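Biologist: Please take a close look at one helical part of this model, checking its geometry step by step. Please then place that part beside the ligand and the rest of the fold.

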Amino acid sequence: MRTRAVRRANRTGGAGSVPASGNGRAVFLTGASSGIGRALAVELARRGYRLAISARREERLITLKEEIASFAPDLHVLARRLDVTDTGALFAAFDEAVAELGGIDIAIANAGVATRSEVGSGEFEHAKRTIEVNVIGAMATVDAAVRYFRERGSGHVVGICSVAGMRGLPRSAPYSASKAALATYLEAARSELVGTAIDVTVIHPGFIATEMNADLPRRPFVIDAERGARIIANQIERRVRVTTAPVIPWGILSRLLKLIPSRLLARVR
Ligand SMILES: NC(=O)c1ccc[n+]([C@@H]2O[C@H](COP(=O)([O-])OP(=O)(O)OC[C@H]3O[C@@H](n4cnc5c(N)ncnc54)[C@H](OP(=O)(O)O)[C@@H]3O)[C@@H](O)[C@H]2O)c1
């Protein structure tokens, strides 16, 4: 019954709140200072998951930790400043989270940036930064987690990719490429982990209202971050392999996106 309710909530983007389903399991989550990561931290805390949250804006993590303490005072939340492009610091942060929380059950590579610029526009530094954060930072998160999960014998690694990675979008070439790279990396990891108790989940969100896209002229089918977080939390708990968030309409639109001729796609602003 519960599975059916969660499936329905996923399809419709509805609440589907599942109380205390976390059962004290521990989550390592990057990019928790705003948007999807912040909302996901709150949602997972409500479900009883212990958390290791990180981002560069430490003051926001402290506020988030206080917000979580207001409704879950006994929940163990470890907040740490972390730039995911500093891969040495990332590996250390993961090890610290394992030690402090007595293990990590789920690792979510969520930290990301998006810049809008055209190829050859003279803004290559933005492109480089996008790859450093969205690809290198996320790969390092996955690598740290899988190394530990292999030793432990079980675990769950989750990558927040994007519908934008399922088709190269104009003015978003580095971003589309970064998300395609992360999804492919995780797909390869899944094959390597066949026969183990380590699961790999790839989530491709559509538009979720956050700082990342606040200035976009159009955000079709946008949903708020809280709703996005509930959907993503449900998908993580179901250990889906690959999905869009929400499933409808993006499961269908992402397939159609691949068929649109570049001439038409060029008009999208
Ligand atoms: N919103 C959408 O519609 C949408 C759609 C598809 C995919 N996504 C993906 O969802 C993820 C979350 O994005 P969002 O929409 O929630 O955007 P957001 O509100 O801008 O959040 C991005 C998060 O990533 C963190 N971050 C950025 N650079 C970092 C770095 N170098 N090291 C550590 N953390 C870093 C930011 O924290 P600090 O700045 O404090 O470090 C922030 O917490 C991203 O991977 C994004 O690509 C979003």
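Modeller: The expected span of a helix is 1.5 Å times one less than its number of residues. The model is a predicted one, and the helix to which I apply this rule is H5, residues 124-152. Because H5 has 29 residues, it should span 42 Å at 1.5 Å a residue; its end C-alpha atoms lie 41 Å apart, so the two values agree. The axis nevertheless changes direction along the way, for H5 bends by about 25° at glutamate 132. Just after the helix comes glycine 153, with a positive phi of about 95°.

H5 also has a place in the ligand surroundings. Together with helix H2 (35-46), H5 is one of the elements that contribute two or more residues to the shell around the ligand. The largest contribution to this shell is that of H2, which supplies three residues. Of the 31 residues around the ligand, those that come nearest are Gly31, Gly35, Arg56, Arg57 and Gly112. By character, the shell divides into 14 nonpolar, 13 polar and four charged residues.

The sheet may be described next. Seven strands form an open sheet in the order E3-E2-E1-E4-E5-E6-E9, and their pairing is parallel. At its edges are strand E3 (77-81) and strand E9 (242-245), each of which pairs on one side only. From one strand to the next, the twist averages 15°. At the E3 edge, strand E2 (residues 50-55) runs parallel to E3 and is joined to it by five bridges. Within this pair, serine 54 stands opposite arginine 80 in E3. Helix H8 (residues 247-257) packs on the sheet, where it touches strand E6 (197-205) and E9. The direction of H8 makes about 115° with that of E9.

Several backbone features deserve attention as well. The peptide bond from alanine 245 to proline 246 is cis, with omega near -5°; proline 246 belongs to the loop between E9 and H8. A further cis peptide bond joins isoleucine 248 and proline 249, with omega about 15°, and proline 249 lies in helix H8. Elsewhere, phenylalanine 221 has phi near 55°, a positive value in a residue other than glycine. That phenylalanine 221 sits in the loop between strand E7 (208-209) and strand E8 (223-224).

To return to the part in question, H5 has an end-to-end distance that agrees with its expected span, along with a bend of about 25° at glutamate 132.

Terms used
Residues are numbered from 1 along each chain as its sequence is written. This is a predicted model: local features need pLDDT of at least 70, side-chain atom pairs count only at pLDDT 80 or more; totals for chains, interfaces and linings use all residues. A residue is near a molecule or strand if its C-beta atom, placed from the backbone, lies within 6 Å of it. Helices (H or I, at least four residues) and strands (E, at least two) are DSSP runs, numbered from the N terminus. Ala, Val, Leu, Ile, Met, Phe, Trp, Tyr, Cys and Pro count as nonpolar, Asp, Glu, Lys and Arg as charged, and the others, Gly among them, as polar. Two strands pair if DSSP finds at least two bridges between them. Axes are lines fitted to C-alpha atoms, for helices over the stretch in contact, and angles run from 0 to 180 degrees between N-to-C directions. Two residues are in contact if their C-beta atoms, placed from the backbone, lie within 7 Å. The bend at a residue is the angle between axes fitted to the seven residues ending there and the seven starting there.
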